[in-house]
Amino acid sequence: RPEVVSGNDPWLRLIDPTALLLPCSRVAFHFISNHVFDSRNSLLLIRASALLSTRTDEEEKRKKKTKDMAAMMSLARRKAGGLLRPETMRLAAVFCRGFAAAADDNDVVVIGGGPGGYVAAIKAAQMGLKTTCIEKRGTLGGTCLNVGCIPSKALLHSSHMYHEAKHAFPSHGVKFSQLEIDLPAMMAQKDKAVSGLTHGIEGLFKKNKVNYVKGFGKFVSPSEVSVDTLEGGNTVVKGKNIIIATGSDVKSLPGITIDEKKIVSSTGALSLSEVPKKLVVIGAGYIGLEMGSVWGRLGSEVTVVEFAPDIVPSMDGEVRKQFQRMLEKQKMKFMLKTKVVGIDASGDVVKLTVEPAAGGEQSTLEADVVLVSAGRIPYTAGLGLDTIGVQTDKAGRIPVDKHFMTNVSGVYAIGDVIPGPMLAHKAEEDGVACVEFIAGKEGHVDYDMVPGVVYTHPEVASVGKTEEQVKALGVAYQVGKFPFMANSRAKAIDDAEGLVKILAEKETDKILGVHIMAPNAGELIHEAVLALQYGASSEDIARTCHAHPTMSEAVKEAAMATYDKPIHM
């Protein structure tokens with residue numbers, strides 16, 4: 001694949017242009033006439049001098065066979081009226097090579113159209129690889145876009161607006177004579193956002209020439225995927241490289257049957273027809289707290305039951321305690337170190353039997369709706385992994401090497417089906433890196449640099465190590481903290497709960513971890529992600545000018561507190 005094509009390029013001297021063009025002469029001309037003239041671009045054609053240059057007697061004989069082709073090329077050049085960019089020539093060359101091979105073969109086949117899968121498919125196509133993406137849902141974007149990240153953020157924003165109008169607007173001089181919830185309208189706004197984004201990805205597929213097959217795919221060989229299409233038919237998609245990007249599914253609990261009415265997963269919690277009076281959330285992780293926040297703001301009495309001693313176990317301990325206090329101020333109740341041992345949904349309300357995690361006296365909770373949010377598991381059922389010998393671990397994940405290849409040559413896996421954080425943005429990075437490896441380039445994802453965000457209010461975002469992790473490593477470190485109560489922008493908008501916490505190695509001042517609790521922590525964290533990615537010190541951030549007044553000044557002040565002293569505290 002030439003990086004630059006010109007009249008003097010060694011690529012042209014190393015190959016026989018006639019040999020390249022003969023197998024696909026008609027195709028090349030069809031490609032030129034339909035895709036270049038119609039779009040009114042120019043096409044960089046192999047120069048006539050390169051095609052018709054002086055040859056040996058044997059080459060002269062071969063040249064006569066290409067007389068018609070030379071005439072077509074000359075005509076095409078005159079009509080094109082100029083030269084194309086190098087990347088367009090590479091596209092034409094890839095097109096010809098692909099056509100010379102079996103017509104049904106893809107360079108890359110992606111099973112799954114979620115954040116990891118669709119990004120991998122687009123990236124592969126952008127790199128000149130013939131690509132097909134298979135998606136069983138019928139809409140692209142996976143769990144994240146259809147029934148996860150995007151619809152939950154829509155409801156989090158809508159419910160926050162209602163909560164602000166009810167509780168915060170009067171102090172800002174904005175008063176209403178009447179305020180009410182229109183739940184159908186709120187759900188319609190959410191659905192509109194989802195629909196627009198899913199169709200947007202289909203548009204990106206068309207733009208980048210990704211073939212999209214709607215149906216459930218399963219392996220019949222390491223290079224073939226049988227697809228039961230949504231239309232009721234079946235087709236076999238062949239590929240030199242196949243990427244498994246099927247994501248994850250809701251983790252069920254023993255003895256609990258999810259009906260998506262009274263006992264719901266996160267999917268059902270996004271589509272409730274009315275605001276439940278009482279909502280019990282099983283699991284105090286990201287998803288449970290976010291959905292609990294949505295319905296709590298709209299009027300539900302929310303109780304969170306968690307088997308572990310803490311909420312969000314992966315969070316920095318100091319930040320976690322402040323976060324829990326904030327949620328409790330919002331009337332969210334917590335039952336930690338507690339397990340659910342039984343559920344009865346036969347009556348008008350759901351009755352849960354709970355007991356201490358260590359055992360002890362049982363008690364009963366009642367709820368109109370129970371949200372099961374105990375985590376997620378890799379989705380690999382029915383893919384035919386056993387058929388081709390792809391191995392999985394005890395957790396159902398697919399082990400891969402540094403190139404994302406499974407134990408079966410030519411079969412790769414990315415995203416939630418492999419070890420690492422189950423996050424959409426991590427899956428996207430996996431997808432890009434995997435395709436780069438397939439294309440013969442270098443890819444890289446550092447899972448220590450993947451940020452995590454809880455989209456409650458305030459939000460909590462983090463990257464790198466927690467203080468507990470740094471202590472466990474035995475590294476000498478220093479800590480800098482700055483509260484938003486001392487931040488001018490936060491005070492001006494009357495939303496000053498939270499802090500920034502920075503951990504840095506004591507000897508070198510290299511940043512080890514950053515943790516932020518703030519209204520827009522999910523946006524603020526990326527300065528820290530970039531700093532960690534480039535091995536920055538806290539002083540590097542502290543000596544970087546930050547606009548005033550902004551929430552991001554709190555990051556600067558926390559950095560100042562890490563290596564020296566803050567100004568405004």
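This is a short walk through a few places in the structure above, taken one region at a time.

Before I start, please keep in mind that this is a predicted model, in which local features need pLDDT of at least 70, side-chain atom pairs count only at pLDDT 80 or more, and totals for chains, interfaces and linings use all residues. Residues are numbered from 1 along each chain as its sequence is written, and side-chain values use heavy atoms, with hydrogens and water left out.

Let me begin with Val-281, which lies in strand β8, residues 278-282; helices (H or I, at least four residues) and strands (E, at least two) are DSSP runs, numbered from the N terminus. Val-281 counts as buried because its relative accessibility is 0%, where buried means under 20% relative accessible area, exposed over 50%, and partly exposed in between, with a 1.4 Å probe and protein chains only. If we leave out residues up to four places away in sequence, Val-281 touches Gly-288, Gly-292, Val-302, Thr-303, Val-304, Val-305, Leu-371 and Ser-373, contact being heavy atoms within 4.5 Å. From Val-281 to Phe-334 the C-alpha to C-alpha distance is 9.5 Å, although 53 residues separate them in sequence.

A second buried residue is Ser-293, which sits in helix α13, residues 286-297, and has a relative accessible area of 3%. Setting aside neighbours within four places in sequence, Ser-293 is in contact with Leu-156, Leu-327, Met-332 and Thr-456.

Now to the strands β11, β12 and β13. Strand β11 (residues 338-344) pairs with strand β12 (residues 350-356) in the antiparallel sense, over 6 bridges, and here pairing requires that DSSP finds at least two bridges between the strands. Within this pair Val-340 has Val-354 in β12 as its bridge partner, and the two strands form a hairpin with 5 residues between them. β12 also runs antiparallel to strand β13 (residues 363-367), to which 5 bridges join it, and in that pairing Lys-351 stands opposite Glu-366 in β13. This second hairpin has 6 residues between its strands, and Gly-359 in the turn has a positive phi of about 100°.

Next, the positions that carry an annotation. The unreviewed UniProt entry gives a "binding site" annotation that covers Lys-153, Gly-217, Thr-246, Gly-247, Ser-248, Asp-416, Met-422, Leu-423, Ala-424 and His-425; UniProt positions are given in the numbering used here, feature names are shortened, and annotations may be inferred rather than shown by experiment. Leu-423 is in the loop between β16 (411-413) and α16 (424-438), and beyond four places in sequence Leu-423 touches Asp-416, Val-450 and Pro-451. His-425 is placed in helix α16, is partly exposed at a relative accessible area of 32%, and, with the same exclusion of residues up to four places away, touches Val-450 and Pro-451.

What does the helix α16 itself look like from its first C-alpha to its last? It has 15 residues and reaches 21 Å, close to the 21 Å expected at 1.5 Å a residue, the expected span being 1.5 Å times one less than the number of residues. The buried residues of α16 include Lys-426, Asp-430, Cys-434 and Phe-437, and what covers the buried residues includes β1 (105-111), α8 (115-126), β5 (234-244) and β16. Gly-440, with a positive phi near 85°, follows α16.

Finally, the cysteines. How many disulfides does the model contain? The count comes to 0, a disulfide being a pair of cysteine sulfur atoms within 2.5 Å. Cys-149 counts as partly exposed at 31% relative accessibility, while Cys-545 counts as exposed at 76%.
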